[in-house]
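Okay, thanks for coming, everyone. Let me put the model up and then walk you through the sheet and one ring pair.

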Amino acid sequence: MSSPAPDPRPLPDRLRLDGRHALVTGAASGLGLAIAEGLLQSGAAVTMLDVDGAELTRSAAALTTAGGTVGTRVCDVSDAAQVEAAVAEAAREHGGLDAVFANAGIAGGPSVQSPEGRLYDLDWTTFDGALAVNLVGTLATVRAAARVMRPAGRGSVVVTVSTAGLRADAMVGYGYSASKGALANLVRQAAVDLAPDGIRVNGIAPGPFHTNIGGRGPKDPAIDQAWADTVLLKRMGDPREVQGLAVLLASDASSFMTGAVYPVDGGTLAGVF
Ligand code: NAD
């Protein structure tokens, strides 16, 4: 979806994804599902990848009823060999891969606000688990996608970072903070590495959104309120509110954008910096 030269088509055409193939990890729920929906609505064929096969089947079926081409792959992104095979197969099926959203992620342990989340009692297994999915799993996804994009000399890679990767956040734990902080720099590093091959790499940094992550969402109104209080707009995001940036970054309308991480956070970071 990147193009080495400026694209002369009018903006609405450059924003469309007809004939393109995009793959989204962590697509069974939350932001990944919303991203998959936005890509489909913009004309792309979408491969949805997730470790939760049952939820993936349900979500893909719901999207398919709205029309469009949807494929699924059950895969644990923390297993690089699995990711490599799943991405390569999906690309073969669709004659290539134009965009990838390395989005799968887990909360990975209690926040530093809870006694067991503080550094004094940090549990290494939990910490390693967060890094395995959020950092290593993302890098494996980006590598697998870049390998299949390289021969085409074009492609758009989008990593789901977090506002928690761009500054300290008392409401998350060390594994989440460390992995998301690393992802912000991984976006820049991969952008430098892959630019000569026509592959653009960008990040989306969501603020607090209503999803399943960490078991939060409408289940605990007090936690929701605490998150909403961190946002200038004084509410959590709806997953559909990430779709605009996701589609833009996948499309040729973002052909001059690479190596940056863009917040979609209701102004959370504006209140910090
Ligand atoms: P979610 O829990 O609704 O979705 C995450 C999805 O990833 C789930 O479907 C889950 O099954 C899948 N997943 C987890 N581990 C996996 C693995 N090893 N392999 C493959 N799939 C796996 O949560 P979400 O909020 O939609 O999270 C999506 C991304 O957004 C994550 O990277 C998260 O860190 C990031 N994010 C979320 C928020 C938020 O407030 N919701 C804020 C900032 C960043």
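Before the sheet, a quick word on terms: two strands pair if DSSP finds at least two bridges between them. Helices (H or I, at least four residues) and strands (E, at least two) are DSSP runs, numbered from the N terminus.

Now the small print. This is a predicted model, where local features need pLDDT of at least 70 and side-chain atom pairs count only at pLDDT 80 or more, while totals for chains, interfaces and linings use all residues. Residues are numbered from 1 along each chain as its sequence is written, and side-chain values use heavy atoms, with hydrogens and water left out.

On confidence: pLDDT is the predictor's confidence in each residue, from 0 to 100. The chain averages 95, and 96% of the residues score at least 70. Helix H7, residues 221–229, is the lowest at a mean of 90, and S4 is the highest at 99. For the complex, the predictor gives an ipTM of 0.99 and a pTM of 0.97.

Right, the sheet. It's open, with 7 strands in the order S3-S2-S1-S4-S5-S6-S7, and the pairing is parallel. At the edges you've got S3 (70–74) and S7 (261–264), each pairing on one side only.

Let's zoom in on S1, residues 21–25. S1 and S2 pair in the parallel sense over 5 bridges; for instance, Ala22 has Val46 in S2 as its bridge partner. S1 also pairs with S4, again parallel, over 3 bridges, and there Leu23 is matched with Val100.

So how many residues of S1 are buried? Buried means under 20% relative accessible area, exposed over 50%, and partly exposed in between, with a 1.4 Å probe and protein chains only. In S1 that's 5 of the 5, so the strand is largely enclosed by the rest of the structure. His21, Leu23 and Thr25 point one way, Ala22 and Val24 the other.

Last stop, aromatics. Rings of Phe, Tyr and Trp (its six-membered ring) pair if their centres lie within 6.5 Å; planes under 30 degrees apart count as stacked, over 60 as edge-to-face and the rest as tilted. We have 1 aromatic pair here. The centres of the Trp124 and Phe127 rings are 5.9 Å apart and the planes sit at 90°, so it's edge-to-face. The two residues are 3 apart in helix H5 (residues 124–149), about one helical turn. Trp124 is exposed at 58% relative accessible area, whereas Phe127 is buried at 17%.
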